[in-house]
Amino acid sequence: MSHSHRRTPRRFDVNVQRKRYWVPSERRYVTLTLSTKAIKTIDKIGIDRAVARIRARGEKV
């Protein structure tokens, strides 16, 4: 029989990081707050395509 007195469920928060990227098409740095999965996606598709996707959603970069 279990005797645990833990009353609150575990929380699995997103692993969020602040990362600075050089965007060659704009010739400037952008600082983004990203999940680690998003960082991997940017590494795969490139920062220019990622910025285009962010702007297509109507978010500010």
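The paragraphs below go through a predicted model, from the overall layout to the core, helix α1 and the salt bridges.

The protein chain contains 2 helices and 2 strands, and along the sequence these follow the pattern β-β-α-α. Its radius of gyration is 18 Å, well over the 10 Å that the globule rule gives for 61 residues, so the chain is more spread out than a compact globule. Taken along the principal axes, the box filled by the C-alpha atoms is roughly 60 × 20 × 15 Å. Of the 61 residues, 20% count as buried. The accessible surface comes to about 5,600 Å², and carbon and sulfur atoms account for 50% of that area. Among the contacts with a separation of 6 or more, 21% join residues 24 or more positions apart.

The core comes next. In soluble globular proteins, nonpolar side chains tend to be buried together. Here the largest nonpolar core has 12 residues: Y21, V23, V30, L32, L34, I39, I42, I45, I47, A50, V51 and I54. The elements that give two or more residues to this core are β1 (16–23), β2 (28–35), α1 and α2 (47–56). Helix α2 supplies the largest share, 4 residues. One of the core residues, V23, can be followed through its contacts. Leaving aside residues up to four places away in sequence, V23 touches R28, V30, I47, D48 and V51. Of these partners, V30, I47 and V51 are also listed in the core, whereas R28 is partly exposed, at 32% relative accessibility.

Helix α1 spans residues 36–45. Which residues of α1 are buried? They are I39, I42 and I45. These residues cover an arc of only 145 degrees around the axis, which puts them on the same side of α1. The general geometry is that an α-helix has 3.6 residues a turn, so residues three or four places apart point the same way. The cover over the buried residues of α1 includes β1, β2 and α2. On the face turned away from the buried side, α1 carries the exposed residues K37, K40, D43 and K44. Just after the helix, G46 takes a positive phi of about 100 degrees.

T36 belongs to the same helix, α1. Is T36 buried or exposed? Its relative accessible area is 32%, and because buried means under 20% and exposed over 50%, T36 is classed as partly exposed. Not counting residues up to four places away in sequence, T36 touches N15 and Q17. The C-alpha atoms of T36 and P24 are separated by 22 Å, although the two residues are 12 residues apart along the chain.

The charged side chains complete the picture. How many salt bridges does the structure hold? There are 4 salt bridges. One of them joins R11 to D13, with the closest N and O atoms 3.2 Å apart. Both partners of this pair lie at the surface by the accessibility criterion: R11 is exposed, with a relative accessible area of 69%, and D13 is exposed at 57% relative accessibility.

Another part of the salt-bridge set is a network that links E26, R28 and R55. Within it, the side chains of R28 and E26 meet at 2.7 Å, N to O. The side chains of R55 and E26 also form a salt bridge, with an N to O distance of 2.7 Å. This second pair links distant parts of the chain: R55 is in helix α2 and E26 is in the loop between β1 and β2, 29 residues apart. Are the members of the network buried, exposed or in between? R28 is partly exposed at 32% relative accessibility, E26 is partly exposed at 28%, and R55 is partly exposed with a relative accessible area of 40%. R28 has a further connection, since V23 of the nonpolar core touches R28.

Conventions
Residues are numbered from 1 along each chain as its sequence is written. This is a predicted model: local features need pLDDT of at least 70, side-chain atom pairs count only at pLDDT 80 or more; totals for chains, interfaces and linings use all residues. Side-chain values use heavy atoms; hydrogens and water are left out. Buried means under 20% relative accessible area, exposed over 50%, partly exposed in between (1.4 Å probe, protein chains only). Contact means heavy atoms within 4.5 Å. A nonpolar core is a set of buried Ala, Val, Leu, Ile, Met, Phe, Trp, Tyr and Cys residues joined through side-chain atoms within 4.5 Å. The arc is that of the directions from the helix axis to the C-beta atoms. The radius of gyration is taken over C-alpha atoms; the globule rule is 2.2 Å times the number of residues to the power 0.38. Accessible areas come from the Shrake-Rupley method with a 1.4 Å probe; for residues, only the protein chains shown count as cover.
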